[in-house]
Amino acid sequence: MPKRNDIETILVIGSGPIVIGQACEFDYSGTQACKVLKDEGYRVVLVNSNPATIMTDPAMADRTYVEPITAEFIERVIAREHPDALLPTLGGQTGLNAAVELAESGILEKYGVEMIGCDLEAINRGEDRKLFNECMAELGIETARSDYAYRVEDALAIVEKLGYPVVLRPSFTMGGAGGGIAHNEEELRLIVSQGLELSPAGEVLVEESIKGWKEYEMEVMRDKAGNGIIVCSIENLDAMGVHTGDSITVAPAQTLSDVEYQRMRAASLAILEKVGVETGGSNVQFAVNPENGRMVVIEMNPRVSRSSALASKATGFPIAKAAARLAVGYTLDEIVNDITKATPACFEPSIDYCVVKVPRFAFEKFQGADDVLSTRMKAVGEVMAIGRTFEEALGKAMRSLENGRAGLNADGKCKEILGQDGFDELVGRPTQDRIFYMAEALRRGWGAQRLHEATGIDPWFIDRMRDIVTIEENLRGMSLDRLDAQAFRLLKRMGLSDVQIGHLTGADELEVRARRKQLGIVPAFKTVDTCAAEFPGTTAYHYKTYDADENEAVPTPGRKSVMILGAGPNRIGQGIEFDYCCVHASYALRDAGYETIMVNCNPETVSTDYDTSDKLYFEPLTFEDVMDIVDIEQPEGVVVTLGGQTPLKLAAALQEAGVNIMGTKPEAIDLAEDRDRFRAVCDELAIAYPAAGQATTIDQARKVAADIGFPLLVRPSYVLGGRGMGIVYNDGQLKRYMAEAAKITPDHPVYLDRFLEGAVELDLDALCDGTETYVGAIMEHIEMAGIHSGDSACCTPPFSLSDAIQAQLRSIARRLALRLGVVGLLNIQFAIKDQVIYMIEANPRASRTVPFASKATGVPLAQAAARIMAGESIADLHLPSDERRLDHFSVKEAVMPFGRFPGADTILGPEMKSTGEVMGIAENFPCAFDKTQLAISYKLPEGGTVFVSVCDRDKRGIVPIARDFVRLGFRIVATEGTSRALRAAGVDCTPVKKISEGAPNVLDMLIAGEIALMINTPFGHATRDDGYELRTEAVKHGVTQITTLAGAQAMAAGLEAMRANGLSAIALQDLPQHPLPLEGGSAR
Amino acid sequence: MSNITEQLLRGTSKGVGAKAALALEDGTVFFGTSCGAAGEAFGEICFNTSLEGYLEVISDPSYAGQIITLTYPQIGNYGVNLEDAQSGKPALRGLVVRDMCATPSNWRSDMALGEYLERNGVVAIEDVDTRALVRHVRDHGAQRAIISTVDDDAESLLAKVRASESIVGRNLAATVSCERPYAHTAHDMPDSVRFALAEVPDARFKVIAYDCGVKRSILDGLVRAGCSVTCVPWDTPAEDVLAQHPDGVFLSNGPGDPDAVSGTYSQVEKLLGKVPMFGICLGHQMMGKAAGADIEKLKFGHRGGNHPVMNLLTRRVEITAQNHGFGVLFPSMGELVPELSGGYTEHHDDLRFWVRAGIAPVVRNERFGRIRLTHVNLNDGTVEGVAFLDVPAFCVQYHPEAAPGPTDAHYLFTAFARLMEGRKDYLDIDIAADRLAGWRFGAEATKELANA
């Protein structure tokens, strides 16, 4: 069936900010969908609140609304744009939920919008546990067996049938409270009786435990003619009990025989048909009992998911692209296989390599959070590695994680491990480091069976790991000279890195590399082609292997090429923003006539879509792996300044190896990062900076503190995302910090800066071509100094800075950029206190504010930077004046993952904790700010009680704000000190006790749902006190918290404006856009 | 293997295997390690792209005369369950893999694959860059090859391979057929798949199967469709078959060049029209030959579990298992019948023309009347199935029994049963409705396991 001609405009809903469990894989799928729909001639309208995405680039859709993903806002967009259809399955759970709300509230019907790709009934059958189980029962496919108990005796009777252990889930309790696993009658009685009490329905679900079973995922596609295919099967290395997003996973399935696999395949297709997924991609998860092959379906997602992004990258089959085409009427056999260009997409990819995905965590950011992996996802990112064997792929994955490791142990970075008892526990407990402990266990001689019993992991994986570890240990202590070509090839085929071989043989990485190449052991690059080489492919999507009889990657004759190094796994401090910059560089350099080569290992991203660049190398971002590609491709230059810290830290080594670093040179980067040299530059340019010192011992630190005084901002050198940063207020805290800091970077000193309490902070992004500097945007932080810039809300243009100050900031930026020798992007952080501008830091690279700044100003900064690096001048790019006035305000607000980490303190500080961001655009600052709050919490308080507790500094400032809230009809409760200040100023309010003051107190009100909004401005050092408990409870109950006066004021003003006129929906295309001219200058 | 390599491998699951070599007749040589029986083996080099189901491939008699390269690099992961084997003894000549697993993991595994190969005398080589090999075969076509674990001299290997016999024109079916007739019934169903497969129904049809190297799963499929099967040798006279008054005759898969199997297709010519018939793979080619069709040798064949085939009658695409190096040329079966072919009178070599036109064309065959094209391969437009309109017979080039591979086409066994019932709409089956037929899930299966 050809595409539908009865629809013209299609509304696509994105997935909003990056949060744990919903990351940039939906930018990848959404971008693909938008591109395809536009190619097919449809008018695309997009709603997504996340500015850091490629999909929200104004060129990706016809109308782009960076607005909150709420039914109310989407209705406004629908009323304005009159879409004929809504495609809900590409925006993750957020997009799906919004679509369901629109459908159920009758909005779609009212405006005559048809839901395509999936209908409401199918979504409900997929998502509603009870309906889903009924569907499965009708098919005769098993789900985990369970029954409801209303008395302890019921539970005992159910257990008679199921056997121990059983999982107990009280119905309708918050966050699954009161549940647990019972291994015997005693535990059962205890948990069930407690659970019955806790459950409002007096009901406990008793479910058989399938913990320890093998876990599989099937990525399925279906078209409306009823054709169904499996794109990819995925086997989890971790057994049931660890969320699949937190598991190491492997594609294709490794340990299923044909009959087992085909049964799972048939079931997957039947499930899609039964649930009623009309078209598109879905994912079905199964558990298999390793003892007898019994198969249980766990769940299905009637939409593209994180695993479909992984499956697309793992096979070369673009699921989201196909899903978008299917949704507009095509069938699978009418879509051409993107890679072969000759065969249809209606087939099942065959792969001739092994893919390993490893999740990346960020527990170090969340003190107090439980780091044991469970059924609730905690990973913030992931890496994927491709090798010809599991061993080769695992080795690559382990060195891709950006956690300092060079492989599966044997790299001199193994954590110190306790005595035998402690060790057994480390091996048995699923954590981010367990894979390393398993390797250590194998080194200590554990058998496969023992390790299998301790971990539940299939012996096949353990045996493969044992081979790796055994070879590592056999190599340990040998001399490098003894290795011949065959031995080297074996080591590389087992996935060992040059760093590991160096560590084990007492050589350094460069010696290993030289020796290896001397022996002729160089890798080959193979191609991901969907068909195991059965048909010729045309797409340059490559991976490296030491199966090197034939190399398939060659430089394109007669073309100048540029290599762009990506950002690696998403983690806190290094997220999608950097991928955005890399993708833009690729687009811009292609426009400038270069062949673009992308290198990255993050499967969630747009950069690793084989469509983004001319060539894609899916490889770890290490010196060894990057140099191997350089050796083959011989690019004209390598871009290292757009992918954040990951590529930046390779810059010096690459340059030393003779690689041309494009744009800002490593010397300039070092000049900005070396504190002493940088301060000399500031002195030279007469730029003020906070008094500072450095120390490697506590004594030195005390001396610095005595010189410049507390509070101090302390941090290790060379960090991104404020890792290991802190503010210390006294000697005790300083001592503790120094003791802990030594563990972070033993070779680098700790920096101690005077902390400017109460200062206003600013971010500035600029371009420089070596002679001219262009200031892209000045962003005023809403949080005071001391909050990491990545966690702080900010507004551009600045809402409270005079033109004179802004001119001064631009002038400093110009001088500094030229002095440092920046060619490309420069980010500067300033603080203003008492009318003095202080330089906090300067980074001659892309910052995380670049995508936001680009969208706020209409100037594609990352593209401009790439073109400058390729030799064009700022004058060539015809940018609008950087002193022009914008008629709108744009606010960026950070999104925190605290809800995922019960127990972790939610207070913000110099260490970055946010995972994502949203953007709000409006005619004024308060409305833009309110849009961001709405985009995060999906609803704003309309009335009720505001809890106010401010520090002494803010007692005066809070008064007019509280008055505004009262005028808006809110009731105020406040802690004693605050309420005294408010009453004194004539603001009506009720005092409430702090938690430490006994019951009833504010916590009781919060738990009872009586608080609609919290304004709590902390001062000084955070401790485990009232504030901590209160903040934690607020996160748990989803109550909006504001921690600064500026934020509180914006909230009040925004609420007022909203009541008066409502917030209007603004499309980016309504704002001035300044695309770069296509014709390049000197780069041609 | 160098001393230092041996030292590194000490204590791993990777044994220190003998050196082995693979040489193709065009002079390409790959070196690796022996991972099966020792010795030397000659055959036609080809490759299979299935991701799992290596045992079913290795034990498929249709691979007689061939050296199989498996494109998935790690083979043997879940070991060998002897009851998954498609025949008592592998008929292939040799096996090429990237990495052979010596420590399999699966609850149904009886032994490691390497051990199975050794027991059955199959010469095999690992550590080969199989992707490079597959790309070479894809570009240069199937050709003669040798695997040796005793000779690693390239010159000598080339001389040997160039002196070896080609499979073109050879009757390999005769080498894997049965000596004498045998029965295959519900009693012959393997126990170890009962956890996954439905109970066997009572036999309603008496079927005689020409065994040209039949896969066990095909016979199982017939039994599960309600047939009681008697297999007969490849060249059994039609009269002997008809004398037993079967409800239907089945033509099995088999190896090699169909032109060389005249002993079968000459009998098929006599059987068509006298009894309902169904053919798979070589069986399809036998029906084609009986109808006078021409045969082509494909450049490198179809071998894998992911080939899309469109059923022109339902317009549904089936993902199919395939294993053949020769194909029937549909246009050679007769002139088009325009009134049954959308008015078209011109043949098209690329049968995807009919897919795009939405027509299942019909030809008039000199011997058997009208024949309809029912199934087309969407990758290359070759014929995948035909139905005779004037005699009760149909056949497919691909493998509805899968094993290994997707079971989308399972409905064809049901179709054969319907044909034997005399239904005109025998092929008109919704594959979605048929999807779970034959499988067993859940509690029922587990209960039985517990009782077993």
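**Helix α33 of chain A and the contact with chain B**

The buried residues of α33(A) are covered by elements that include β34 (944-950), α32 (958-967), β35 (970-974) and β36 (990-991) of chain A; here helices (H or I, at least four residues) and strands (E, at least two) are DSSP runs numbered from the N terminus. This is a predicted model, in which local features need pLDDT of at least 70 and side-chain atom pairs count only at pLDDT 80 or more, while totals for chains, interfaces and linings use all residues. Residues are numbered from 1 along each chain as its sequence is written, and chains are lettered from A and ligands numbered from 1 in the order in which they are written.

In α33 (residues 976-984), the buried residues are A:T978, A:S979, A:A981 and A:L982, where buried means that 20 or more other C-beta atoms, placed from the backbone, lie within 10 Å of the residue's own. Seen down the helix axis, these residues fall within an arc of 160°, so they line one face of α33(A), the arc being that of the directions from the axis to the C-beta atoms. Just after this helix, A:G986 takes a positive phi of about 85°.

Turning to the interface, 69 residues of chain A are in contact with 65 residues of chain B, contact meaning that C-beta atoms, placed from the backbone, lie within 7 Å. On the chain A side, the largest share, 12 residues, comes from α9(A).

Chain B itself has 14 helices and 21 strands, and buried residues make up 61% of its 452 residues. Its C-alpha atoms fill a box of roughly 75 × 55 × 40 Å, taken along the principal axes.

How values were computed
Contact = placed C-beta atoms within 7 Å. Buried ≥ 20, exposed ≤ 12 C-beta atoms within 10 Å, placed from the backbone.
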